[in-house]
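This report describes the architecture of one protein chain, beginning with a strand pair and moving outward to the sheets, helices and core.

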Amino acid sequence: MSILTCNHVTLGYDGVPILSDINFSVGQDTYLCVIGENGAGKSTLVKGILGLIKPMSGRIETGDGLKANEIGYLPQQTQIQKDFPASVREVVVSGRINSMGWRPFMTKKDYAEADKNMELLGITNLRDHCYQDLSGGQQQRVLLARALCATKKLLLLDEPVSGLDPVAARDMYELTSMINKEQGIAIIMVSHDLDEAMKYSNHILHLSHKQLFFGKTRDYIAGEDGGVVNPIERYLKRDAANHSRKVEPAASVPYDASAKIKRQEENNG
Ligand SMILES: Nc1ncnc2c1ncn2[C@@H]1O[C@H](COP(=O)(O)OP(=O)(O)OP(=O)(O)O)[C@@H](O)[C@H]1O
Ligand SMILES: [Mg+2]
């Protein structure tokens with residue numbers, strides 16, 4: 001059963017479409033990576049899903065008990081967020097704001113939820129630290145715990161690993177994968193990191209102002225021609241077909257697809 005469906009959705013600003021005819025759905029076990037070049041419309045889709053902008057046409061629907069204000073969101077980082085002057089615990093508990101209703105203050109239950117999510121992500125020891133003094137990787141863990149406080153069903157992450165070193169980036173993929181499998185929370189992650197996206201996701205949405213691909217990750221890697229290639233080559237081929245650009249085959253890049261396909265099969269059960 002789908003918890004989120006985009007049906008022929010077109011999104012844009014001031015009447016000018018940025019992203020046209022988007023069609024995909026997300027189930028409870030989905031780990032979807034959204035990929036595409038800078039300016040392709042990935043963050044625009046995120047804003048559409050969050051209800052911050054309305055579709056120019058088509059429908060974005062939530063299902064299976066998910067309400068639009070129960071999506072845990074980790075935004076694309078800005079300098080202002082990095083310099084936020086609050087303790088880690090205050091940042092994490094602020095994820096509960098949408099569930100407060102008319103209550104003007106946080107309750108013990110809100111703080112208990114924040115503490116539980118800090119424990120899950122291994123940041124309890126940072127609880128009273130100032131958020132702006134943390135490393136980039138620690139800050140992203142805090143924002144992930146904050147997003148978790150807002151949802152039981154769907155996390156929406158816009159480039160959570162950009163600017164992180166490879167170890168911290170791998171950490172974020174491992175944590176989101178654990179949340180997906182062990183907490184049963186669906187993940188939608190915007191990422192420019194093709195290799196990791198292919199490894200951890202079970203579905204791919206490739207955008208370039210329209211939908212170039214939506215489906216299982218193993219089908220994305222295999223492609224319509226059935227040939228398994230390096231994901232970067234597959235990405236460039238789809239992008240080039242869209243822009244009518246010629247791409248030289250990366251024949252010199254040997255690629256062991258079997259490990260990745262095996263991982264996909266494990267992910268897809
Ligand atoms: N508020 C806005 N008003 C008008 N145009 C906008 C607005 N926000 C984004 N755009 C335009 O929409 C297009 C897509 O932007 P978007 O932020 O969705 O791209 P993106 O795929 O997330 O890119 P990146 O990988 O750089 O984050 C860009 O041309 C951008 O300038
Ligand atoms: Mg973006």
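In strand β7, Val-190 is the bridge partner of Asp-158. The model is a predicted one, in which local features need pLDDT of at least 70, side-chain atom pairs count only at pLDDT 80 or more, and totals for chains, interfaces and linings use all residues. Residues are numbered from 1 along each chain as its sequence is written, while chains are lettered from A and ligands numbered from 1 in the order in which they are written.

**Overall composition**

The protein contains ten helices and nine strands; these are DSSP runs numbered from the N terminus, with helices being H or I of at least four residues and strands E of at least two. Of its 269 residues, 40% count as buried, a class that requires 20 or more other C-beta atoms, placed from the backbone, within 10 Å of the residue's own (12 or fewer is exposed, in between is partly exposed). Among contacts between residues at least 6 apart in sequence, 71% join residues at least 24 apart; a contact means that the two C-beta atoms, placed from the backbone, lie within 7 Å.

**The six-strand sheet**

An open sheet with mixed pairing has the strand order β5-β6-β7-β3-β8-β9. Two strands pair if DSSP finds at least two bridges between them. Because β5 and β9 (211–216) stand at the edges with a single partner strand each, one side of each is left without a neighbour in the sheet. Neighbouring strands are turned by 10 degrees against each other on average, direction ignored; axes are lines fitted to C-alpha atoms, for helices over the stretch in contact, and angles run from 0 to 180 degrees between N-to-C directions.

The following table lists strand pairs from both sheets of this report.

| Pair | Sense | Bridges | Opposed residues |
|---|---|---|---|
| β5 (71–74) and β6 | parallel | four bridges | Leu-74 and Leu-157 |
| β6 and β7 (186–190) | parallel | five bridges | Asp-158 and Val-190 |
| β8 (203–207) and β9 | antiparallel | five bridges | Leu-207 and Gln-211 |
| β1 (2–13) and β4 | antiparallel | five bridges | Cys-6 and Ile-60 |

Strand β6 (residues 154–158) is largely enclosed by the rest of the structure, because five of its five residues are buried. Leu-154, Leu-156 and Asp-158 point one way from β6, and Leu-155 and Leu-157 point the other way. Together with helix α6 (residues 166–182), β6 and β7 make a right-handed β-α-β unit; with the strands pointing away from the viewer, the path from the first strand over the helix to the second runs clockwise.

**The three-strand sheet**

A second open sheet is antiparallel and has the order β2-β1-β4. Its edges are β2 (16–27) and β4 (57–62), each with a single partner strand, so one side of each lacks a neighbour in the sheet. Its neighbouring strands are turned by 20 degrees against each other on average, direction ignored.

**Helix α5 and the core**

Helix α5 (residues 136–148) reaches 18 Å from its first C-alpha to its last, and ten of its 13 residues are buried. The helix lies across β5 and β6, running at about 160 degrees to β5.

The largest nonpolar core has 67 residues, a core being a set of buried Ala, Val, Leu, Ile, Met, Phe, Trp, Tyr and Cys residues joined through C-beta atoms within 7 Å. The largest share of this core, six residues, comes from α5. Ile-187, one of the residues with the most contacts inside the core, touches Leu-155 and Leu-157 among others, neighbours within four places in sequence being left aside.

Definitions and conventions
Expected span 1.5 Å × (residues − 1).
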